[in-house]
Each structure stands twice: as C-alpha cells, then as structure tokens.
Amino acid sequence: MKNLVIVESPAKAKTIGKYLGAGYTVTSSMGHIRDLSRGDNAIDIKNGFKPKYEIDSDKKELVKKLKKMAQEAEVVWLATDEDREGEAISWHLFETLGLKDESTKRIVFNEITKPAILKAVENPRKIDKYLVDAQQARRVLDRLVGFELSPILWRRVSRGLSAGRVQSVAVRLIVEREREINAFESHSEFKVTALFTTKEGKTLKAELSRKFKTENEAVAFLNQVQPADFKVLNTEVKPTHRNPAPPFTTSTLQQEASRKLGYDVSKTMSLAQRLYENGHITYMRTDSVNLSQLAVGAAKDQITAMFGPEYSQTRKFSNKNESAQEAHEAIRPTYFDKTAAGDDPQQKKLYDLIWKRAVASQMKTADLEKTTISIGNSANGEIFVAEGEVIKFDGFLRLYIESNDDDGEKDEEGVLPRVNINDSLNYTEIKAEERFSRPAARYSEAALVKKLEELGIGRPSTYAPTISTIQKRGYVTSESRDGKTRNFISVLMNKSGIKREVKSENFGAEKKKLFPTDMGMLVTDFLLQHFDQIMDYGFTASVEKEFDEIAEGNMGWQDMLQTFYDPFAANIQRTVETAVRVTGERILGQDPQSGRTVLVRLGQYGPMVQIGNRDDGQPQRFASIPHGMTMENVSLEDALKLFELPKKLMLSNGTEVTVAVGRYGPYLKVGEKFHSLPKGEDLIAFSAEDAEVFLQNLANEPQFPMEIGEYDGQKLSINKGRFGPYIKFGELFVSLPNGSNPAAFTLEEAIPLIEAKKEGEKAKIIKTFDQDKTLQIVKGQYGPYISHGKKNVKIPSGKKPEDLTYEEVMDLVKTAPDKKPAARR
C-alpha cells in the first residue's frame, strides 16, 4: 500500500476516496480512538498534569487493524477535521499507531471537494502541537473540575449529580432568567390606535405617540377628541437601506435553523455534519464569517445568472469576535450553482438555508423608502403617527430575510395612502386597549447559544454538547407549555359613541423553551455559594481566551492549568470541611386541620411537600410536586391541595375513576387501567367533566391493531409503537410517514413503503445460509450481527462476518444468552 489516508468517519472516507482514486486507501478511525482513563488516576497533577490515556475497549480491534495498515503504507495522511479536536484526533492516531515523522503528513481542508482535497495533498504540514495542547488543556481542565466537584455534590445535594465548567454556567443563565420571570410584576397601560379616512376614501392606521397609565386617563382622552377635527401636520419620506447578514457561523446557523426550521441545536449539527461529509457544505464548526475569494467569485456568477448583474455586490465580512479565526471560512455551499442538496428532506431544508444565506450575503443592498405621517387634532396637542415602508429595490430580500428572536407585537409596515400637509382626516374609530408588560423571554436552545457566544463562553464545537449535557443531567428541560387566559379592557369610540368591553387573551405560552428543574436550581445555588469563581461568567470567558492563547503558542498549557488548579483545590478542601447538606427546604406554613408544619424539600425521589416533621411524634405525610410546579413557587394553598391526590372524580359505567400523580407524571386511573395525562396538567383543577372529555377522546382514537388488507399472502395491520404508528408485515416493521393519519391509511399507500423497506433490509444482509433460511448475518447500527428468528447475537471482535461458516454461526447462537431484540424499524 502506497498511501493510507485516515479520517474520522466512514461517510467522510467514502467521499474523499472518490476524489483521490487509485494509489490511496481511505479508512476511518470512527472518531477518537483513545481518551483519558476512567479512573481517578487519569491526571498526574504532581507531574505537570500529565494525562494518562487509554484506548476504548470497543476500539482495540480497530486500532490493531489501523496499525497493520499503517505499517504496510509508505505514507500515512492524517486528514481529520481542521479544528482543535480534529488536530487532537490526528495526534492521538500518531501516538497510538506509532507513526514516524518522516512518513506522516497532516492535511486539512474546510470542504470535501476534489479541488480542495488535491490542494491539501499538495500542501501537507506537520501536526500542530499548539492546537493539540489547547484541546488537551480543555479536556484535562474539564475532567479536573468534574471529578473534583461531583463527589461534593453527591455528599451535599444528591447522589449521581455532576458538574461541568461550561455546563454549570449555562444552567446558571437559565436559572437566573427563570427567577427574573418569576419575580416580574406585570403592569398595564393603554395603547391608543385610530383608523382615519383620507379625502380620497383611503384608510390610514395610526398610533398615538404616548400611552396612558389608567383606563380613566384613556377614556378622558377619547371624550376630549370625540368632537375634534383631525388633520395632517407633517409628512416625512426618508430613503433607508437594509444590508444582508453575513454567511453562517456555527452559532448563527444553530439560531436560524431553530427559528426558521424548528430544529434543535443537536439536530442542526448532525444534519450539517452529514452535509459536510457528503461534500455539500464547508466545515460546520467555525466562528468565522469570512468567504474565500473563490467562493465570492462563484457566488457572483450564480447571482448574475439567476437575477442579473444589478443584484450582485461583492462584500467582505469581518468578525466582531476577537478570537475568531479569519483563516477559516464561514459555512457555505461548496458549489454555489448547486441550489439543492441532501439525502433527506431535513438535510435539504438545512442546505437550502445555508445556500440562501451565503448567496444573499453577496447580493445588493435593499433600498427602501420610509414614510412617517404626523396627525394632530383640534382638542389637544396629542399626535398620532403612521409609519409605512416601501421596497424600492429588493436586492438581497428577493432571496432571503433573516429572522430574529423578538416575538413581541409589531404591526406590519406597508404602503401608506398619499396625503398632504393640512389635509383633513375623518376618524372611523379610535380604540384604547389595555396592554401588559412582559418579562424577558425564556431561552430557547438557539437563544442560549447566542447568549453564550456574547459572553465569550464556549466555542463552536462546544455549544451543542453543552446544551445536550445539561438536559441529560436533568438540570434543564426543553418544553412547550400552554399559556393562561387573562382579561383586558378595550374602549372603542366611533361616531355613535364610546363602548367599553372586557375581552380575554392568551398569554405566557412557550414553545420549545428551556426551564430549570428544581435540581438545577439547587445545584446552581450550591455552586454559586461555594465556587463563585467557577460560576463567574467573566472567569469562564477568560479561560476560553487562555485556550486561544495556548493554540497560538503564547502560553504553556501546564502553566495555565497550574494557575487555575491551586486556588481551585484549596476551595475544594474548604468546601468539604464547611459545606452543609442542602435540600432546598422551605417552610410554607401550617396545616389548618392538624396545625402541623407544611414544608417543601428535595426528597429521595425528587421534589415534594411534607406535612409534619420527625419531632412532632406523628407520621409525616408526603406528596410529590407535579410537573410545571417548582419548589420555589409552590404556595401553602398549592401544597395542601396536593394532599387531595389521588382524587376520586366519578364512576364510569360503575368503575371508579381517579386522578393522581406518579413517579412518571400525572395519570387517570379507570378501574385497574392507567392512562397518562399530558405533562403539566393541573390535577387540582382536573374535574369529572375533564375526565369525561379525556375518556371520550380516548374512545374516539383509532383502536390498534387495525387491519388494512392482505399483501403477498400476509395480513397487514397498523399498530401504535413507542415512536409512532407503524405497519406490521410478517416480521417487518415499517414506520408511517410523519403526519400520516393511521385511521385513513390505505393498503395502496402501505405497499410502496413495504417494498422500500424490503429492499433496505436486503441491502443489510451480509450472508445467508442454505441450511437455515432464518439465519442471517446482518449490518447493524453498531456493526454486523447474527439474526436468528427473534435472537440477535453480536459477532466477536476479530471475526470477519463474511468468512463465518454455518457451524461457527450456530455455535455463537447456541452459546449466546437469550435477549429480546429491539424491533428493526
């Protein structure tokens, strides 16, 4: 073998292999091949923080294979990603495989295209030890923080907890925002709007330039202007411009994909990774907004071809972030003339977003004309203002409009009717409506990424893992919650008089927002009390800058760790000696029936309310705090109502119906059957009528399994599984497409899905055996395995699946423990 190229993933290997051709063997390391040891001795603190690495058990056979291939190759090319983590993977490969400097070459590229790969091969370099050191420093520091803090949390808060340097700060942001919202006191004021008619009969909508604090003030104003004459005081027309946003960085892609496509951060990065590995976009972990000259030229050609030369405007964007690496590029399509790409609808949508944003960034400024009309009255000096905006030249807006996180009220600005100064206007109606102030919005995943970036916390490669980790640890949940209803006052005045109405509106609804759990709040408070430096936003950002300094070769990584660790270790020791156990206990008051203390605290199975304590000589009573209610906001009234659960609601056909909350959430019990209720359901207010509606809806749902006909001698039925409805065809399980109505799904719709599934299953089969048609060797998500009826058997490491004989396979099947396999969906 002349040339061995090692990359991180099979998909990347496949794409690069197509471009290098004969003479090059491209293989994958399947990500990192080794990591810090799992035990307490992973870092030798007294010996310059020397890390001890070990090869993952499931990578040992792969490493043996890679070593053999490397020994047979004349040159080994390390082609892992261009960021610090990619550099670290290459270094670990170099060290673990025993590679030699003279026969090892490091190549980097930010897009997987033939020109980029060939150019990289022509310009190899050595492994950048500074980048490796920066990544090593991050890994060691995060391990030290986690391993030192977590045992303290076990002893002082609850077992199984863990803490992280960046993750704990992210949780703090969410906790502080939640408390800010809970402490917010909304106030109302009255907004006045009017509909006027011009002398040409056109309608003109305007808003009073001030708001009134009370209804009385608003009504007094309406009474005052009811007989007044209105006229145009001034008109102002100003040209204005709107420029396109830069092409995407990791952060802005995550934010815009959330707003426009509804993707969470992890999904966005997973889809972007596949687009990159298949050669459709440039590298997706970047903080640069820069575009190469080649990309700028390609964008110009595409814009000219699609819209004409008048829409093209070459732009060079620069980063506000000082640590951004301008040598890297923004996320963009590899080929601007490819307007669509991706293997599935979700990939295609994300690619479309990336393509439009990158192309729009090189398009002309949009020219607009903003008109402002001031309207006065003969009764007082108050002024109504009407604003409108007209697009004179659409420029980049023809292709792309950036979204934002502001979901507040905003009237659409459009074309205003033509008026002149001193023109008389007649009002059709003038309306004063009560409007309420709102607290700061809870963070969505994308908004949290934006905030972390603003604070300088984390880097492009860390945003998605951070948000995923804090949710997995149970410190934060991502939820949609229904709003509440409130009344507001509306006072309408027209020529016939003034009419007052009390209307209602929904408010406070949340869609995919981040909420802290009680555990997240307790841990945050504990860490803030005892480790304020670790939780400090500025300190966390300064650590990131020090990593950047290490990557530039301006700081030694061991020196940086020593400076951090000495005061941190002293803080650890002090906390071990002085910190007391925290439960979040809060006394709410007294139970009016027994006079015993009612309190809220964290128990073994989560947050709960408690009546009585160990000292009063009576058994204590406990009730779980339901979803949507927190230890901080539960009141004495709420707590006492929880002891009404389980609550008997009614008899249904002679069977008792009760509502209760269990370890896994609220439920309705009908006889001996349990039916889960939606998370956040208010069980205290849940009535017999609510139960009847719920049970009626349940009865109207499709009854599974539902037979839909026969195909190929087999009966077809639609069933409901954990991940949604599916078709059962013999031993085959076929998921219904998203949005399908199981009750209306037909045999004709099912057949193509079954055939496609059968073809897919055939492609997974590596080997079959004439002696037993039910015995197969199959490709699986985690590697090849043996399938025999309902039994799945892992193939031992070192065995080539295609070389196994019938006798060898049957021996493995007979000696393997019985285990129910997951349905292949």
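**Local geometry and residue environments in the predicted model**

N422 is found in the loop that runs between strands β13 (384–393) and β14 (424–436), and in this predicted model the phi angle of N422 is near 80°, a positive value in a residue that is not glycine. A positive phi is also assigned to K512, which is likewise not a glycine and for which the angle is about 50°. K512, however, is placed in a strand, β18, which covers residues 510–516. With a relative accessibility of 46%, K512 is classed as partly exposed, because that value falls between the 20% and 50% limits that separate buried from exposed residues. A further feature of the backbone concerns the peptide bond from L645 to P646, which is cis, with omega near -5°; P646 itself lies in the loop between helix α17 (636–642) and strand β23 (647–652).

At the level of the whole chain, the secondary structure comprises 20 helices and 34 strands. The C-alpha atoms occupy a box of roughly 95 × 80 × 75 Å when the extents are taken along the principal axes. Of the 825 residues in the chain, 45% are buried, and the accessible surface amounts to about 43400 Å², with carbon and sulfur atoms contributing 48% of that area. Among the contacts with a sequence separation of 6 or more, 67% join residues that are 24 or more positions apart. The chain carries 120 positive and 119 negative side chains, and the centres of these two sets are separated by 3 Å.

The confidence of the prediction averages a pLDDT of 89 over the chain, and 96% of the residues score at least 70. When confidence is compared across the secondary-structure elements, the lowest mean, 82, belongs to helix α19 (residues 747–764), whereas the highest, 97, belongs to strand β9 (residues 188–197). Over residues 820–825 the pLDDT stays under 50, and for this stretch the model has 16 contacts beyond four places in sequence.

Several individual residues illustrate how positions separated along the chain are brought together in the model. E178 is part of helix α6, which spans residues 165–183, and is counted as buried because its relative accessibility is 8%. Beyond the residues up to four places away in sequence, E178 touches R442, F515, P516 and M521. The C-alpha atom of E178 is 9.2 Å from that of L514, although the two residues are 336 positions apart in sequence. L514 falls within the residue range 510–516 of strand β18, the strand in which K512 is found.

T371 is located in strand β12 (residues 366–377) and is buried, with a relative accessible area of 15%. Once neighbours within four places in sequence are set aside, the contacts of T371 are with E236, V237, A386, E387, G388 and L416. One of these partners, L416, is 45 residues from T371 along the chain, and the C-alpha atoms of the two are separated by 7.6 Å. The partners A386, E387 and G388 carry numbers within the range 384–393 of strand β13, the strand that precedes the loop containing N422.

A lower relative accessibility, 1%, is computed for Q347, which therefore counts as buried. Q347 is placed in helix α11 (residues 345–360), and its contacts, apart from those with neighbours within four places in sequence, are with L271, R274, L275, N278, A341 and G342.

Towards the start of the chain, S9 lies in the loop between strand β1 (3–7) and helix α1 (10–20). S9 is also buried, since its relative accessibility of 12% is under the 20% limit. A polar atom of the S9 side chain lies 3.2 Å from the backbone nitrogen of K12, a residue whose number falls within the range of helix α1. Excluding residues up to four places away in sequence, S9 touches S28 and E277.

In contrast to these buried positions, K794 has a relative accessibility of 72% and is therefore classed as exposed. K794 is situated in strand β34, which covers residues 791–794, and its C-alpha atom is 9.9 Å from that of I777, a residue 17 positions away in sequence.

Terms used. Residues are numbered from 1 along each chain as its sequence is written. Side-chain values use heavy atoms; hydrogens and water are left out. Helices (H or I, at least four residues) and strands (E, at least two) are DSSP runs, numbered from the N terminus. Buried means under 20% relative accessible area, exposed over 50%, partly exposed in between (1.4 Å probe, protein chains only). A polar contact is a pair of N or O atoms within 3.5 Å; within protein, one must be able to donate a hydrogen and the other to accept it, and residues adjacent in sequence count only if both atoms are side-chain atoms. Contact means heavy atoms within 4.5 Å. Accessible areas come from the Shrake-Rupley method with a 1.4 Å probe; for residues, only the protein chains shown count as cover. Lys and Arg count as positive and Asp and Glu as negative; His and the chain ends are not counted. The place of a charge is taken as NZ of Lys, CZ of Arg, CG of Asp or CD of Glu. pLDDT is the predictor's confidence in each residue, from 0 to 100.
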